[in-house]
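This report introduces a protein model to a reader who has not met it before. The sequence and structure are shown first.

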Amino acid sequence: MPPHTFDESRDEEFLRAAFAVAAKARDGGDHPFGSVLIGPEGELLMEQGNAYTSEGCDMTAHAERVLCSRASKTYAIDFLNKCTLYTSAEPCAMCAGAMYWAGIGRVVFGQTEADLKARTGDHPENPTLDLPCHIVFAAGQRQVVIKGPLLEEEAAKLQDGFWQA
């Protein structure tokens, strides 16, 4: 089956919506990451901030992974293949794997993993795994369309001052 055609005209708008979710997570005491899932008609289906603190210091409670688990329980894989997940930072290997297994068809991200690692250092709550998501997706048997980094400096500002002791 050929890949779904995605409307890119609202990418910056939806990515900024993910940034707003990340800011809300940060304001609530969680790590500053956020994601939104947009349906094939441009409808907001779900949003998810990082849930590290709210999930009892769960190191796997990244915004994208939690959103993918919720989406996978709610929607069929063929529907999710027509959806786009917008996320404030490039999906780590775990989150890229969750997107792949959930069936998400496209991901748009702000800040790269490499830039995140440079800005957060070796913080024990964010031992950044600098493995670009395109490598994870390329190992799969179906295509995931990737766009990013987009609005990278704006995305990176979400991290300002958060990871310092």
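Which residues lie nearest the centre of the largest pocket? They are Met-59, His-62, Cys-92, Met-94 and Asn-126, among 23 residues that line the largest pocket. The model is predicted: local features need pLDDT of at least 70 and side-chain atom pairs pLDDT 80 or more, whereas totals for chains, interfaces and linings use all residues. Residues are numbered from 1 along each chain as its sequence is written, and side-chain values use heavy atoms, without hydrogens and water.

**The largest pocket**

The volume of the largest pocket is about 330 Å³. Helix 2, strand 3 (84–89), helix 4 and helix 5 (113–120) each give two or more residues to its lining. Strand 3 gives the most, with 3 residues.

**Helix 2 and helix 4**

Helix 2 (residues 63–74) and helix 4 (residues 93–102) pack at an angle of about 15°, with axes 8 Å apart. The two helices are therefore roughly parallel to each other (angles under 35 degrees count as such). Their crossing is left-handed. In helix 2, Glu-64, Arg-65, Cys-68 and Ser-72 meet Met-94, Cys-95, Ala-98, Met-99 and Ala-102 of helix 4 (contact means heavy atoms within 4.5 Å).

**Residue classes**

| Region | Nonpolar | Polar | Charged |
|---|---|---|---|
| Contact of helix 2 with helix 4 | 6 residues | 1 residue | 2 residues |
| Lining of the largest pocket | 11 residues | 7 residues | 5 residues |

Here Ala, Val, Leu, Ile, Met, Phe, Trp, Tyr, Cys and Pro count as nonpolar, Asp, Glu, Lys and Arg as charged, and the others, Gly among them, as polar.

Note on methods
Axes are lines fitted to C-alpha atoms, for helices over the stretch in contact, and angles run from 0 to 180 degrees between N-to-C directions. Helices (H or I, at least four residues) and strands (E, at least two) are DSSP runs, numbered from the N terminus. Angles under 35 degrees count as roughly parallel, over 145 as roughly antiparallel, 65 to 115 as roughly perpendicular and the rest as oblique. A crossing is left-handed if the near helix is turned anticlockwise from the far one by less than a right angle, and right-handed if clockwise. On a 1 Å grid over the protein atoms alone, a cavity is a set of points where a 1.4 Å probe fits but cannot get out, and a pocket is an open set with protein on both sides within 12 Å along at least five of seven lines; lining residues have an atom within 4 Å of a point. Grid points are joined across faces, edges and corners, and a volume is the space filled by probe spheres set on the points.
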